[in-house]
Amino acid sequence: DTGLWSGSAFCGAVYPWRISIWKSAWLDRKEWREREMPFYLLLDLLILIFFPLAMLLSGWLLKNKPSKWPNNVYGYRTRASGRTQESWDFAQAYSGAWWIRWGKISLISTVLLWFLAAVLGEENGGWVFWCLLGVQLVVFLGVIPATVRALKKTFDEYGYPRAWTKK
């Protein structure tokens, strides 16, 4: 194509200095793989380990430094967890332990699967990245139904332990 907007014809005629920049900016596939791919693999890995690290940090905080009383700022907060002090303490400890356990599993599996995808080639990297991110989001939010189920199993509808209300 030799039209006005066809790449080198337009840029070469009006802006001759852009030809060398333009041609050097485009890398073929092999050069891109050697020069740019390691940076993008590292960047993707850093994005992927965000959820597992957030789970580990949040789990550690909830387990080791929980909020002392129900509040609207810090801790695992649902209607069931805030009914009594016992249910609040149980919810903080349970959700903290859950996030620590699944954060470790998620971190290890993410790093292993991502390095496996990096070895297989960048053609597989896109779908592996999005699948891992989706699974991590499900695991990250999975603490909510797991803790609600544990609260219902351990406490009655008023927030008192079931052992106290059984006759």
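**Briefing: helix packing and confidence in a predicted model**

Q92 lies in helix α6, and in this predicted model the residue counts as buried, since its relative accessibility is 1%. Beyond its neighbours within four places in sequence, Q92 is in contact with L62, P66, G75 and Y76; one of these partners, L62, is also listed among the buried residues of α5. The points below take up confidence, the nonpolar core, helix α5 and residue L137 in turn.

**Confidence**

- Across the protein chain the mean pLDDT is 78, and 72% of the residues score at least 70.
- By element, the lowest confidence in the protein chain belongs to helix α1 (residues 7-14), with a mean of 44, whereas the highest belongs to helix α8 (residues 143-154), with 93.
- Over residues 1-23 the pLDDT stays under 50, and for this stretch the model has 13 contacts beyond four places in sequence.
- Where pLDDT is low, the predicted coordinates should not be read in detail.

**Nonpolar core**

- The largest nonpolar core is made up of 19 residues, and within it L48, W99, W114 and F140 have the most contacts.
- Two or more residues of this core are given by each of the elements α4 (37-48), α5 (50-64), α6 (85-120), α7 and α8, and the largest share, six residues, comes from α7.

**Helix α5**

- With 15 residues, α5 reaches 21 Å from its first C-alpha to its last, which is close to the 21 Å expected at 1.5 Å a residue.
- Which residues of α5 are buried? They are F51, P52, A54, M55, G59 and L62, and because these buried residues fall within an arc of 155° when seen down the axis of α5, they line one face of the helix.
- An α-helix has 3.6 residues a turn, so residues three or four places apart point the same way.
- On the other side of α5, F50 and L57 are exposed.

**Residue L137**

- L137 has its place in helix α7, which covers residues 125-141.
- The relative accessible area of L137 is 40%, so this residue is classed as partly exposed, a class that lies between the cut-offs of under 20% for buried and over 50% for exposed.
- Although L137 and F51 are 86 residues apart along the chain, their C-alpha atoms are separated by 7.3 Å; F51 is itself one of the buried residues of α5.

How values were computed
Residues numbered from 1 in each chain as written. Predicted model: local features only at pLDDT ≥ 70, side-chain atom pairs only at ≥ 80, totals over all residues. Heavy atoms only, no water. Helix = DSSP H or I, 4+ residues; strand = E, 2+ residues; numbered from the N terminus. Buried < 20%, exposed > 50% of the residue type's maximum accessible area, 1.4 Å probe, protein only. pLDDT = per-residue confidence, 0-100. Contact = heavy atoms within 4.5 Å. Core = buried A, V, L, I, M, F, W, Y, C linked by side-chain atoms within 4.5 Å. Expected span 1.5 Å × (residues − 1). Arc of directions from axis to C-beta.
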